[in-house]
Amino acid sequence: MPSSIGTITPPRTETSSAVTLALPSAPPSVHHHLSVVPYELDRSANASTAVSSISDSKSELSVAEKGAPSWEGYLEDDLPEKTQGHFLRNVRFQIFSLYRRLFGVVFITNMAIFIATCVRGADALYLGQVSIANIFVAILMRQDYVINAFFVVACAAPRSWPLCIRRVLGRVYCIGGIHSGAAISGTIWLILFAAQSTRQFLKQDHISTPTLGFTYVIIALLLGMIVFAYPKARTRHHDNFEMTHRFCGWTAIALVWCLVIFLIRDYQEIGQTLGKAVVHSAPFWLVLIMTCSIILPWLRLRKVPVRAETLSNHCVRLHFDYVNTHPGHFVRLSHNPLFEWHSFATISAPGTDGYSAVVSRAGDWTSNEIAEPPKEMWVRGIPCYGVVAVTPLFRRVVLVATGSGIGPIAPVVFAKKVPIQLLWTAPAVRKTFGDKLVDSLIEANPNALIYDTREHGKPDMVKLTYRLVREFDAEAVVIISNEPLTRKVVYGMMSRGIPAFGAIWDS
C-alpha cells in the first residue's frame, strides 16, 4: 500500500515549480485585470505592499502583502556546506534510510536466529511457528488501525521534547520497513520449514503429504509477491504489483489455514482431540488475527455519493460526506474494488463535515475522472495517516507542495495547529486549481508563497526551500511532490542538518 504506509503518492505533476507568489488576499478593489509588473520592490518604508508577479490577466494575480516572503535573488543565495563527509552522509541519508534500518533490524535479527537454529537443529513444528509469526507481523504492519496507532503515539510527543527525538518520531511513516523485513524473513523461514518437512516426510516423521504440498504452493505465491514488490518492478508494473499482492496474498492466507490445521494434526498428541489441539496452538490464533486484519477493511467496503467540482481540464475536486477526516489522512477510491484502488489525500476544513480530494491528470484513470466526473465511488477501510500528519511535532514548519501535491498539504494549512510557511509551485495555479482553493489557502496562510512555473520556469527547489527555512526560522520541512524532487529536497535539507520529511513510495 503509500507508503508507503503512511506514505501518500500524489499524482504526477511538473517536477519543480514555478513561482507565482501566493500571497495574502487583496481587497476586492485590487482583484481586477492588471498588466505584468516586474518583480522590483521599492525598498522604501512604503514598500510593504507591492506587485510581485502576475501570471495572467484573467486567472493569476499575485500580490505581496506586508510580511510576505520574497524569492527575489534566491538563486544567488549560498547554501551552507553539507554536514559530515560525502560517503558518510550518503550512507546515512540514502543507503541506510530509516525504512531500510527498520528492515535491517527485523531481517538481521531473524537471520541470527535462523543461523543458530540451523546449527542447533529444530523440528518442522518450531520452524512453522516462526514462519507464521513473521507473516503475522508483516500483515499487521499494513493494517489501517495499526498504522493509525503508530502515528497517534508518535505524534503525541510534546514539542518541548528535544528535536533529536522528534525528528526520529517524525519518520513514523517508515514503519513499512518492518512489514517488508518480516515478510521476507517469513518466506526464508518457510523455505527452511519446507526443507525440514521434506526430510521428516521421507523419514515418515510426523509430516503428512497435504502439509508438504500446501507448503510448496505457499512458497511459490510468496516468492511471486516478493518479485513484484521489488521497488523497480513495483514502479514499472504497479497494477501487477497490486494484483499479485491482493490475489496471491488471499490465496496464500487460505492455504496457510490449511497448512496450520494439517500441521497441528500431524503433531497431535495421542488421546487429544483435534479441536483441543487447535485451540492450544499459537499459530492458529495468529492466523485468525491476521485473517481478521485482512477482512476488516473489506467489511467497510461501500459505494458512496460524490459531488464533483471541475476545477480545470487538468484536475477535478471530489467532495464526500460519508466520514470526517483529519489533517494527514488519505483514503482509497475505486470504481472496480476487486482490481484497482487509488490513494488520495483528504482535504478537510475545520468546522465542516466530510472531505474532498483533488484528482489531477496523471494517466488514463485520472483523465477519465476529469473528463467524466463520477457520481458514486467505492471506498474501503478507514482514513489512514500519511507523512504530513507529522507536522504538529515541530514548532515551525515549511510545507512544500508541487502541483496537486497541495492536496495532502492543504488540510494542515487550514488546521493552523503550528506556525507554517507554505511554498506551492505549479503551472497556472488559479487556472488549474480554481480561485476557491487558492483563496482559501491564502486566507489560512497569508504569507504563502505560490510560485507559477509556467510564468517563471522551474525553480531550484533546494535553494528556495532553504531560504524559506532560514527566513521563517523553521524546525522542519515537509514536502509532497514527485519522487525525484522529493528525494532531492529531503536530501538537500537533511544533509544540512534540517529535518525533512516526504513520501517514500514503499507501496
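# Exercises on a predicted model

An open sheet of 5 strands runs in the order β13-β12-β11-β14-β15, with parallel pairing. The model is predicted.

**Exercise 1. Find which strands stand at the edges of this sheet, and state what follows for them.**

Solution. Start from the strand order, β13-β12-β11-β14-β15. β13 (449-452) and β15 (500-502) stand at the edges. Each has a single partner strand, so one side of each lacks a neighbour in the sheet. From one strand to the next, the twist averages 15 degrees.

**Exercise 2. Describe the pairing of β12 with β13, then place helix α17 against the sheet.**

Solution. Strand β12 covers residues 420-426. Its pairing with β13 is parallel and spans 4 bridges. Within this pairing, alanine 426 has aspartate 452 of β13 as its bridge partner. Next, take helix α17 (residues 461-472), which packs on the sheet. Helix α17 touches β11 (397-402), β12, β13 and β14 (476-480). The directions of α17 and β12 make an angle of about 160 degrees.

**Exercise 3. Identify the residues that touch the most other members of the largest nonpolar core, and follow the contacts of isoleucine 409.**

Solution. The largest nonpolar core holds 54 residues. Leu399, Ile409 and Trp424 touch the most other members. Helix α13 (residues 406-415) gives the most to this core, with 6 residues. Now set aside the neighbours of isoleucine 409 within four places in sequence. Its contacts are then Val388, Leu399, Val400, Ala401, Leu422, Val478 and Ile480. A second, separate core has 35 residues, including Leu190, Leu192, Met225 and Leu259.

**Exercise 4. Locate glutamine 84 and histidine 206, and classify their exposure.**

Solution. Most residues other than glycine have a negative phi. Glutamine 84, not a glycine, has a positive phi of about 65 degrees. Glutamine 84 lies in the loop between β2 (62-64) and α1 (86-95). Its relative accessible area is 37%, so glutamine 84 is partly exposed. Histidine 206 also has a positive phi, near 70 degrees. Histidine 206 sits in the loop between α6 (176-202) and α7 (209-229). With 43% relative accessibility, histidine 206 counts as partly exposed.

**Exercise 5. Judge the confidence of the chain and pick out a stretch where pLDDT is below 50.**

Solution. The mean pLDDT is 84, and 86% of the residues reach 70 or more. Residues 1-68 have a pLDDT below 50. Beyond near neighbours in sequence, this stretch has 210 contacts in the model. Where pLDDT is low, predicted coordinates should not be read in detail.

Definitions and conventions. Residues are numbered from 1 along each chain as its sequence is written. This is a predicted model: local features need pLDDT of at least 70, side-chain atom pairs count only at pLDDT 80 or more; totals for chains, interfaces and linings use all residues. Side-chain values use heavy atoms; hydrogens and water are left out. pLDDT is the predictor's confidence in each residue, from 0 to 100. Contact means heavy atoms within 4.5 Å. A nonpolar core is a set of buried Ala, Val, Leu, Ile, Met, Phe, Trp, Tyr and Cys residues joined through side-chain atoms within 4.5 Å. Buried means under 20% relative accessible area, exposed over 50%, partly exposed in between (1.4 Å probe, protein chains only). Helices (H or I, at least four residues) and strands (E, at least two) are DSSP runs, numbered from the N terminus. Two strands pair if DSSP finds at least two bridges between them. Axes are lines fitted to C-alpha atoms, for helices over the stretch in contact, and angles run from 0 to 180 degrees between N-to-C directions.
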